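Colleague: Could you walk me through how the pieces of this model pack together?

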Amino acid sequence: MLAAIDGVGADRRRGGFSRHVFDDAERQLREWFVEQAELRGLQVTTDRNANIWAWWGEPGDDAVVTGSHLDSVPGGGAFDGPLGVVSALSAVDLLQEKGFRPRRPLAVVVFAEEEGGRFGVPCLGSRLLAGTIDADRARALRDPSGVTFAEAMSAAGADPSRVGRDEEALRRIGQFVELHVEQGRGLIDLDRPIAVASSILSHGRWRFRFSGQGNHAGATLLADRRDPMLPAAELVVAARRAAGSVADGRATVGRLVPTPGGTNVIASTVDVWLDARSPQDAGTRSMVADLTGAARELAAAEGCEVEVVEESYGDTVHFDPAFRDQLSGLLDGAPVLATGAGHDAGVLAAEVPTAMLFVRNPTGISHAPEEHAEDDDCTEGAHALARVLEHLDH
């Protein structure tokens with residue numbers, strides 16, 4: 001079924017796919033999902049936060065819910081997000097083919113802006129649903145072109161005045177299971193196709209804005225410069241060192257934007273985005289505190305200033321142990337693995353019993369075009385998800 005959307009959002013410059021909330025590619029995928037859900041007799045609704053729900057039977061409380069997202073990082077792989085949505089639809093097919101009829105409400109959900117690729121905050125749809133991000137802040141988020149989230153919602157026909165914690169939608173989720181391609185090498189090393197998640201690393205995003213003096217690259221002597229690119233570049237190196245000082249720490253600079261961005265221009269400002277993660281909140285916070293101190297020293301040495309803003313943060317998530325073990329046993333002793341990647345399931349874990357299934361990625365690569373899952377493993381994942389949904393209905 002992934003083949004049906006293979007050309008949508010293909011990124012010719014970066015490779016892979018670029019699909020961001022409310023852009024043309026993501027809207028095509030939303031339309032595709034609605035069409036596929038209705039072909040299966042599912043009742044489709046969209047909540048106040050732009051998340052799409054496809055219900056098997058009447059919507060109601062204590063529902064069994066599965067799903068994932070359809071958006072991507074810039075130049076991302078084909079499986080991160082869409083595999084969970086396609087597997088959910090395939091699981092419905094498998095259950096319908098065997099004549100199963102759910103006694104509890106059952107829904108497939110597509111969350112909006114999980115990657116944060118357009119507006120900078122990951123899991124935005126589920127964060128809004130759970131009320132873990134302020135609605136006014138969300139409406140004011142801007143994409144790289146300056147379009148606000150509220151403006152993008154309005155252009156897509158949604159009402160931004162209604163975004164925020166959705167008590168009705170939360171009440172309807174009895175249990176949530178998200179299937180996802182594995183973003184790592186755990187299943188390769190174990191030679192197993194399916195795993196159950198145990199936890200998610202604490203993680204967040206911080207923007208460091210270094211401000212100096214824009215000037216001419218040829219006419220400005222080195223001694224006269226206040227070049228924000230120097231402390232920005234040194235921060236990139238410092239981030240790698242900081243991660244090495246924390247057990248299982250990860251610190252990444254994947255985006256750096258100088259303004260005005262001319263080849264023969266000393267930048268006036270440089271924005272650096274830091275992604276920091278570790279198994280414990282204290283480790284992540286320690287890395288960021290150390291890097292914030294280092295950034296201030298580096299900026300001062302060049303006669304610059306720096307502003308640090310936390311754009312998003314999620315503490316360590318431990319999925320419900322009883323639910324986790326129940327699914328592992330149901331799936332023939334599937335291994336239990338931690339993950340360094342954030343997910344909508346991690347946001348919902350504070351509100352409802354939540355679990356995740358991983359499908360083997362033979363490349364071990366994710367957030368890049370080389371991300372992959374074999375057809376046989378995808379099929380096994382859909383069958384595993386169908387077993388889980390049927391079991392939870394009892």
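What follows is a set of questions and answers on the sheet, the helix packing and a few backbone details.

Modeller: Happy to! Keep in mind that this is a predicted model, in which local features need pLDDT of at least 70 and side-chain atom pairs count only at pLDDT 80 or more, while totals for chains, interfaces and linings use all residues. Residues are numbered from 1 along each chain as its sequence is written, and side-chain values use heavy atoms, with hydrogens and water left out.

Colleague: Thanks! Which strand order does the open sheet of 4 strands have?

Modeller: Helices (H or I, at least four residues) and strands (E, at least two) are DSSP runs numbered from the N terminus, and two strands pair if DSSP finds at least two bridges between them. The pairing in this open sheet is antiparallel, and the twist averages 15 degrees from one strand to the next. The order is β9-β11-β7-β12.

Colleague: Which strands stand at the edges?

Modeller: An edge strand here has a single partner strand, so one side of it is left without a neighbour in the sheet. That applies to β9 (250–259) and β12.

Colleague: How many bridges join β7 to β11?

Modeller: Strand β7 covers residues 202–211 and runs antiparallel to β12, with 9 bridges joining the two. β7 and β11 also run antiparallel, and one of the opposite positions is Gly204 facing Ala276 in β11. The number of bridges joining β7 to β11 is 10.

Colleague: How many of the 10 residues of β7 are buried?

Modeller: Buried means under 20% relative accessible area, exposed means over 50%, and partly exposed is in between, with a 1.4 Å probe and protein chains only. β7 is largely enclosed by the rest of the structure, because the buried residues number 7 of the 10.

Colleague: Which residue in β12 stands opposite Arg205?

Modeller: Strand β12 spans residues 305–314 and includes this residue. The residue is buried, with a relative accessible area of 6%. Leaving aside neighbours within four places in sequence, it is in contact (heavy atoms within 4.5 Å) with Val121, Pro122, Arg127, Arg137, Gly204 and Arg205. The residue opposite Arg205 is Ser312.

Colleague: Which helix lies across β7, β9 and β11?

Modeller: Axes are lines fitted to C-alpha atoms, for helices over the stretch in contact, and angles run from 0 to 180 degrees between N-to-C directions. The helix in question runs at about 170 degrees to β9. It is α8.

Colleague: How are α8 and α9 oriented to each other?

Modeller: Two packed helices are described by the angle between their axes and the distance between the axes. For helix α8 (residues 229–244) and helix α9 (residues 281–301), the angle is about 150 degrees and the axes are 10 Å apart. Angles under 35 degrees count as roughly parallel, over 145 as roughly antiparallel, 65 to 115 as roughly perpendicular and the rest as oblique. α8 and α9 are therefore roughly antiparallel.

Colleague: How do α2 and α12 lie relative to each other?

Modeller: The axes of helix α2 (residues 82–97) and helix α12 (residues 375–392) come within 8 Å and cross at roughly 60 degrees. The contact includes Leu83, Ala91 and Leu94 of α2, and Ala382, Leu385 and Leu389 of α12. The orientation of α2 and α12 is therefore oblique.

Colleague: Which residues of β14 point to one face and are buried?

Modeller: β6 and β14 run parallel and are joined by 3 bridges. The side chains alternate along β14, with Val336 and Ala338 pointing to the other face and not buried. The buried residues are Leu337 and Thr339.

Colleague: What is the omega of the cis peptide bond that joins Thr259 and Pro260?

Modeller: Most residues other than glycine have a negative phi, and most peptide bonds are trans. Pro260 lies in the loop between β9 and β10 (265–266). The omega of this cis bond is about 10 degrees.

Colleague: Is Asp332 buried or exposed, and what is its relative accessible area?

Modeller: Asp332 has a positive phi of about 60 degrees although it is not a glycine. Asp332 is found in the loop between α10 (321–330) and β14 (336–339). Asp332 is exposed, with a relative accessible area of 60%.
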